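Reader: I would like a close look at one part of this structure, the aromatic rings and what surrounds them. Please take me through it step by step, and then outwards to the rest of the chain.

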Amino acid sequence: SMSLTRHLRTSPYTRTLRRFTTSPPLRQTQAPSPAPIPYTPTCPSPTCACAPMPPDLDIDRKTPLLNTMTPYAEQVVLCTGKDDWSSRIEDEPGDTGDFIRGLKGIIGRGGEAFDPFTNILLTASSLPPSKKQNTTTALLFPSFARIPSLPYTRTAFSHFASAYLKPHKLHPMHAALPAAQKAKLTRDESLASTLPAAEPITRPVVLICGHAARDKRCGVL
């Protein structure tokens, strides 16, 4: 007799066991909230008496402020890199004094562009100076412009005053002046192209009085 044997080829398989539970799911544990910042609800009582203020330092709260401050059309802040100057900065030796004297020779009393109705305030500051020799960097307020590396030449002083410091419109008291004189006193912004390009001031600028002693220049309380 013959016997037949059938060989069945079985494919391998993976057996997976899963566990089931009826317990509630575990919740994620949260970190405990920090304790509130301690604070003192009331200030403690002082342990000593405060010294009284001197009587001559009282602030005047009654006098009207109108017309008590000189109006300025523009403030020119010079970057000198120094923190101390002469009482009159036009008497300062060196680059700062040269620039002040040169600019005042144009817009100051007796200058070709002097205008008693357009006051310009010139201020020396300890801000970093210009890196180029015989030049000065100036900041203008309220124009919020920075003009770097202004050269020490009469032409540069004149063009700087005409492009940035002179008024756009003259005071009515100048109506009787000749046309040529009016032109010398009026702003000409086209001359800015002859100077280093102005840069807008986009960051706060804090000016702190640098006088070693308080005097009339700091104002009177």
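Author: Phe99, Tyr152 and Phe157 form a cluster, linked by ring pairs. The model they belong to is a predicted one. Next to Tyr152 in the numbering is proline 151, which is part of strand E4. With a relative accessibility of 28%, proline 151 is classed as partly exposed, because buried means under 20% and exposed over 50%. If neighbours within four places in sequence are set aside, proline 151 is in contact with Asn134, Thr135, Ala156 and Phe157. Phe157 is also one of the residues of the ring cluster. Between proline 151 and leucine 195 there are 44 positions in sequence, but their C-alpha atoms are 8.7 Å apart in space.

The search for aromatic pairs covered the whole structure and found 4. One of them joins phenylalanine 141 and phenylalanine 144: the ring centres are 5.3 Å apart and the planes stand at 90°, so this pair is edge-to-face. Phenylalanine 141 has a relative accessibility of 14% and therefore counts as buried. Phenylalanine 144, at 45%, is partly exposed.

Another pair is made by phenylalanine 160 and tyrosine 164. Their ring centres lie 5.8 Å apart with the planes at 45°, so the pair is tilted. An angle counts as stacked under 30 degrees and as edge-to-face over 60, and 45° is in neither range, which means that tilted is the remaining class. Both residues are in helix H2, residues 154–165, and the 4 positions between them amount to about one helical turn. Phenylalanine 160 and tyrosine 164 are both buried.

From this pair the view widens to the nonpolar core. In soluble globular proteins, nonpolar side chains tend to be buried together. Here the largest nonpolar core has 27 residues, and Phe160 and Tyr164 are among those with the most contacts inside it, along with Val76, Ile107 and Leu165. Two or more residues each come from strand E1 (74–79), helix H1 (95–107), strand E2 (120–125), strand E3 (135–141), strand E4 (145–151) and H2. The largest share, 7 residues, is that of H2. Leucine 165 touches Glu74, Val76, Leu103, Ile107, Thr118, Ile120, Leu140, Phe160 and Arg187, with residues up to four places away in sequence left out. Apart from this core there is another, of 5 residues, including Val77, Cys79, Phe141 and Ile201. Phe141 is thus a member of this other core and of the edge-to-face pair described above.

Leu165 also leads to an enclosed space. The structure has 1 cavity of 30 Å³ or more. The largest cavity holds about 80 Å³. Its lining is made of Ile107, Ala113, Phe114, Asp115, Thr118, Ile120, Leu165, Lys166, Pro167 and Leu185. By type, this lining has 7 nonpolar, 1 polar and 2 charged residues.

Threonine 118, from that lining, sits in the loop between H1 and E2. With a relative accessible area of 14%, threonine 118 is buried. Beyond its neighbours within four places in sequence, threonine 118 is in contact with Ala73, Leu165 and Pro167. Its C-alpha is 6.9 Å from that of tyrosine 72, although 46 residues separate the two in sequence.

Asp115 and Leu185 of the same lining are both touched by histidine 174, as are Pro116, Phe117 and Lys182, not counting residues up to four places away in sequence. Histidine 174 belongs to the loop between H2 and helix H3 (179–185). Its relative accessibility is 8%, so histidine 174 counts as buried.

Tyr72 brings in an open space as well. Along with Thr68, Met69, Thr70 and Leu121, Tyr72 is among the 14 residues lining the second largest pocket, and these five lie nearest its centre. That pocket has a volume of about 450 Å³. Its lining consists of 8 nonpolar, 4 polar and 2 charged residues.

Last comes the chain as a whole. There are 3 helices and 5 strands, and along the sequence they follow the pattern β-α-β-β-β-α-α-β. Of the 221 residues, 26% are buried. Among contacts with a separation of 6 or more, 64% are between residues 24 or more positions apart.

Technical notes
Residues numbered from 1 in each chain as written. Predicted model: local features only at pLDDT ≥ 70, side-chain atom pairs only at ≥ 80, totals over all residues. Heavy atoms only, no water. Phe/Tyr/Trp six-rings, centres within 6.5 Å; stacked < 30°, edge-to-face > 60°. Buried < 20%, exposed > 50% of the residue type's maximum accessible area, 1.4 Å probe, protein only. Core = buried A, V, L, I, M, F, W, Y, C linked by side-chain atoms within 4.5 Å. Contact = heavy atoms within 4.5 Å. 1 Å grid on protein atoms, 1.4 Å probe; cavity = no way out; pocket = protein on both sides within 12 Å on 5 of 7 lines; lining within 4 Å. Points joined across faces, edges and corners; volume = space filled by probe spheres on them. Nonpolar A, V, L, I, M, F, W, Y, C, P; charged D, E, K, R; others polar.
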